[in-house]
Each structure stands twice: as C-alpha cells, then as structure tokens.
Amino acid sequence: MLGSLALGTALCATAALTGRASAASPLAASGTPKPYAYAEGDTTVEGTTSTTNAARLESGRTYRSSIGQGGKLYYRLALDATSDAYVSATAVPRPGATVSYADGVKVSVQDDNSRRCSSSAAHFGASESPHPVAAWASREIGPTKYSCQAAGTYYVVVERVDTSGSSATASLSPGDWDLELGYVSEPALKKAGSTKAPEVWNSASPDALQGDARPRAGGAGFATAAVLGKGVWKDGISPGQTLFYKVPVDWGQQFYAGVELGSSTGGDGFVGTALVVSLYNPVRGFVDDVGCGYDGSQRAAALDPLPPVAYDNRYALNDRAGGMRFAGSYYLAVHLAAQVADKFGDGPFGLTLRVRVEGAAHAGPAYAGRADPRDVFDAAAGAPAEASGGTAAAGAGGPGDRAGSGDGGDPHMKAVAAGGLGTGTALLVALAVWTAVARRRARGWAAAGDAAATAPSATSPALHWDHEAPGGR
C-alpha cells in the first residue's frame, strides 16, 4: 500500500501508518525548521548491545539516547506484579539523512527469558521524508494476559529498521539517529472490572467547526506541543517540518480533528504523500493518522471518528480503539514532506486545524495507586490556559516559539500589575488570582468552541497504509 501512495493515485487517504510520531518544529529565523525539541528534564543514557549492564529506566521520566546504523540497543526496567508499563521511543534522524518508506524504529518489551510482552514498529512511510518517528511497547497485567505477569527485570529493546524491514542490514541513512525514550507507569485498579471493550459508540463524523481561525503556534516536539481546545486554529508549516499540538480529552469524551493545507502561491506538480497528520495518546502511543497528496490546491484531511476515552478500550481488537484507553493529552503531529519544496517552494504554507471534543466528562477508573508521571492521565492538567482562545500557545514554551506567556492578557493579572502594591504582596496576590482563574478556565475549556457547520469533503478514494501494531494486548 505504501508504494501506491507514492504513485499519487489519491489526494487524501485515511491511513494507519506504522505507529510514528512525526516531529520537526517551529520555524527558525531563516525559515528552516528548528531541531526536534526534547524535554528539558531529559537524562542522557546509553543503550547497550547486550542485556548485561543495560542502563535502568525509571518511570515518569524521559531520556535521550542515540542509535547507529543497523543498531539494536537494550535498556532495563524493574517492574512489579501489578502495574502496567508503557515505553515509547522517538527516533530523530540527524540533518542530511535520507530515508526510505520502510526505514524506522522498532521497540519491544521482553522479560528476562526473552519472552516478548509487546512490540511495535514505526516507519517513515510513503512520504519518504526524514522526520522523527515513534514506536511504543508495553508490559500489561490482566486476566487476559498469559506472559510477562511476574515482578522482576524486563528489557526494552530498541532496533533501527532498514529498508528491507530488518534491523540487520544497512539503511539509506548511515549516520546515527537520536532517540527520546519515555516510560509511563499505570497503576492497577482497586477492583477488577470488565475485560470487554465497549461495543456501541457514536461513529458518525460530526460537522466541521466553522468560524474565524485563531493563531496557535505548534511546538517542536511532544514536550513543547501547543495546547488546543475545541475550535478552529491556524498556523504555518514549511516543507520538512512537523508541528506538535496536544488536546486534553477526559474520560467519556470523544475526540475529532481535521487539518487543511492551504493553496500555494506558485509552483506546479504533485506530491503523492505531502501532509501526514498523526494522533498519539498520552503515553505517546500511536492511535491513527490520515494523509493527503498536494498539487498546489487546498487540501483537507480528517481523522476517522474514534471511540470515547474509556479504560476498557484496551481490550478492543481494533488498535485504533485500543489506543483510546487513557484520559489526558492527545497529541497531533502534523508533518509536511520535504519534497513539497521542490515543486511549490519553501513556504511556509497555511495550516488550519479544526478540533472538537464532545461529550460530558465523567469520573475515571478507581486506581489503586498513582500513575507516574502523576498527571499523565489528568486531562485538566493539560487544559488550555484560555477557554475561548487567544494567541497564547500554552504549553508550547521554549526559545523562539511564537507563543505568548500563557496569561492570555488576563485582565485580573493586569489589574494586579498596575495596582501599586508592594513587591512581596503583589506576587502573593498575583499567584492567588492566577491559580483561581486557571482552575476556572480548566473546568470550562471543553465548553469553548465555535458553532458547527458542514465538514469539508474529499472526492478522492481512500488508501490505507500498512500498520504494524503493538503486540501482546
């Protein structure tokens, strides 16, 4: 299927790409994408070529590493007999890399007797455009599982996949790739519940949101993803760039998203897989994506409807549904293929995002402990700073971001600043006011948005990419 997209037989295609996390970044002053933005607290760790002396990863943390051509690296986990463990690996090709559609990264979790708990692979796909890609794997505890249930030492295996789909031979990109590793721990439930996924949910596509788009600058990686609430948003994207956005989705809520690439001001030709929009869950696990070709005219692509967020989705046979198992921030990674520059120039090109979160939030599962990191499954923790919009890109921090400071020009904060209070008193009052306003806005963010109207239609047939899903579910 990947090859058929390269032929350009469809302009827009719903896809199940092999679990990738696209990632480039906001524009530098020169108009070229900035490097991938790692989390500020990343710890550098070296993978080993054998399980002996493998470095231990701790839950709730992210790490930086690297992997060479044809590499296979090991990292160690110390797991109990009750918690689920999720590990993600984002591979970041260095500047000048050349990749094929089948190049990518594979991640597995294994026990100390080489039994595989779970694995998945991520490939660059039909765009053949170098950008960060992510795969995830897990160790899950439950009555439907038959291996990897005991406490003990486990290993994360990260493999660099080449053009043949194997990690044993050379790829087109001989240099090292950087890695960002994440490890999230999910506690067990206080009381065992259903082991069956919900069978009935609203699978109809809603009308697309209308209204004037509000500016929001995408981030350069998962760690700096710009927060989006319900509404219409706009940004600019250049060839070779990937922008990251995150949308808080609570238990019981349903997420919808569509992205439009604006028309060009010049150029000619066609790029078969120009725009790819990927969705990842709060542990950076691949959920779904959609791709579009580009001929210089405006194009729209929307994710297929997904089930409401529910704990029991993990028991679904469908991997798209299985990925919607947590509340928290869901990530949109929007990548524009580097080849677009050859036919239509360096851009940036206009980008419009239409985001909808529907349904009333309800209480989550009764966990027996805390997740690590603590707020990873807390949708309110990632809610936008302003419920109704504005230009501040909360959560998109980092030097050079086109975001505001996050207060959104709040009148309460301006009043405090102009009040002529003593420095210490002003700071205390400002903190109290900011906390109260932020909490109020977090509760009301999901209610914000514009009125609905008709969704953009796609006239071309859908083509589906192959998707190698995490195993061991």
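Buried denotes a relative accessible area under 20%, and at 5% cysteine 148 therefore belongs to that class. The legends below describe close-up views of a predicted model.

**View 1. The disulfide between cysteine 117 and cysteine 148.** One disulfide is found in a search of the whole structure. Its partners are cysteine 117 and cysteine 148, with an S to S distance of 2.1 Å. The link of cysteine 117 and cysteine 148 is left-handed, with -95° about the S-S bond. Because cysteine 117 belongs to strand β7 and cysteine 148 to the loop between β8 and β9 (152-161), the pair ties together parts that are 31 residues apart in sequence. Cysteine 117 is buried, its relative accessible area being 7%, and cysteine 148 is likewise buried, at 5% relative accessibility.

**View 2. Strand β7 and its pairing with strand β6.** Strand β7 spans residues 116-123, and 7 of its 8 residues are buried. Strand β6 (residues 104-111) runs antiparallel to β7 and is joined to β7 by 7 bridges. Serine 108 has serine 119 of β7 as its bridge partner. In the hairpin of β6 and β7, 4 residues lie between the strands, and serine 114 adopts a positive phi near 65°. In a regular strand, side chains alternate between the two faces of the sheet.

**View 3. Glycine 125 in the loop after strand β7.** Glycine 125 is placed in the loop between β7 and β8 (133-139). With a relative accessibility of 3%, glycine 125 counts as buried. The C-alpha atom of glycine 125 is separated by 8.9 Å from that of threonine 273, although the two residues are 148 residues apart along the chain.

**View 4. The salt bridge between arginine 139 and aspartate 80.** A search of the whole structure finds 14 salt bridges, one of which joins the side chains of arginine 139 and aspartate 80 at 3.9 Å, N to O. Arginine 139 lies in strand β8, and aspartate 80 lies in the loop between β4 (72-79) and β5 (84-93), so the salt bridge ties together parts that are 59 residues apart in sequence. What relative accessible area does arginine 139 have? The value is 1%, and arginine 139 is therefore buried. Aspartate 80, at 36% relative accessibility, counts as partly exposed.

**View 5. The salt bridge between arginine 94 and aspartate 178.** Arginine 94 and aspartate 178 form a salt bridge in which the closest N and O atoms are 2.7 Å apart. Distant parts of the chain are linked by this pair: arginine 94 is in the loop between β5 and β6, aspartate 178 is in strand β10 (residues 177-186), and the two are 84 residues apart. Arginine 94 is partly exposed, with a relative accessible area of 37%, whereas aspartate 178 is buried, with a relative accessible area of 15%. Side chains of opposite charge can pair when their charged atoms come close.

**View 6. The salt bridge between arginine 320 and aspartate 288.** The closest N and O atoms of the salt bridge between arginine 320 and aspartate 288 are 2.7 Å apart. This pair, too, links distant parts of the chain, with arginine 320 in helix α2 (residues 319-322) and aspartate 288 in strand β17 (residues 286-294), 32 residues apart. Aspartate 288 is buried, its relative accessible area being 1%. Elsewhere, Asp84, Glu186 and Arg314 are joined into one network by salt bridges that share partners.

**View 7. Threonine 242 and its contact with histidine 335.** Threonine 242 is located in strand β14 (residues 242-249). Is threonine 242 buried or exposed? Its relative accessibility is 0%, and threonine 242 therefore counts as buried. The side chains of threonine 242 and histidine 335 are joined by a polar contact of 2.7 Å.

**View 8. Leucine 228 between strands β12 and β13.** Leucine 228 occupies a place in the loop between β12 (226-227) and β13 (231-237). At 0% relative accessibility, this leucine counts as buried. Leucine 228 and tyrosine 331 are 9.8 Å apart in space, C-alpha to C-alpha, and 103 residues apart in sequence.

Technical notes. Residues numbered from 1 in each chain as written. Predicted model: local features only at pLDDT ≥ 70, side-chain atom pairs only at ≥ 80, totals over all residues. Heavy atoms only, no water. Buried < 20%, exposed > 50% of the residue type's maximum accessible area, 1.4 Å probe, protein only. Pairing = 2+ DSSP bridges. Polar contact = N/O pair within 3.5 Å; in protein donor to acceptor, adjacent residues only side chain to side chain. Disulfide = S-S within 2.5 Å. Salt bridge = Lys/Arg side-chain N within 4 Å of Asp/Glu carboxyl O.
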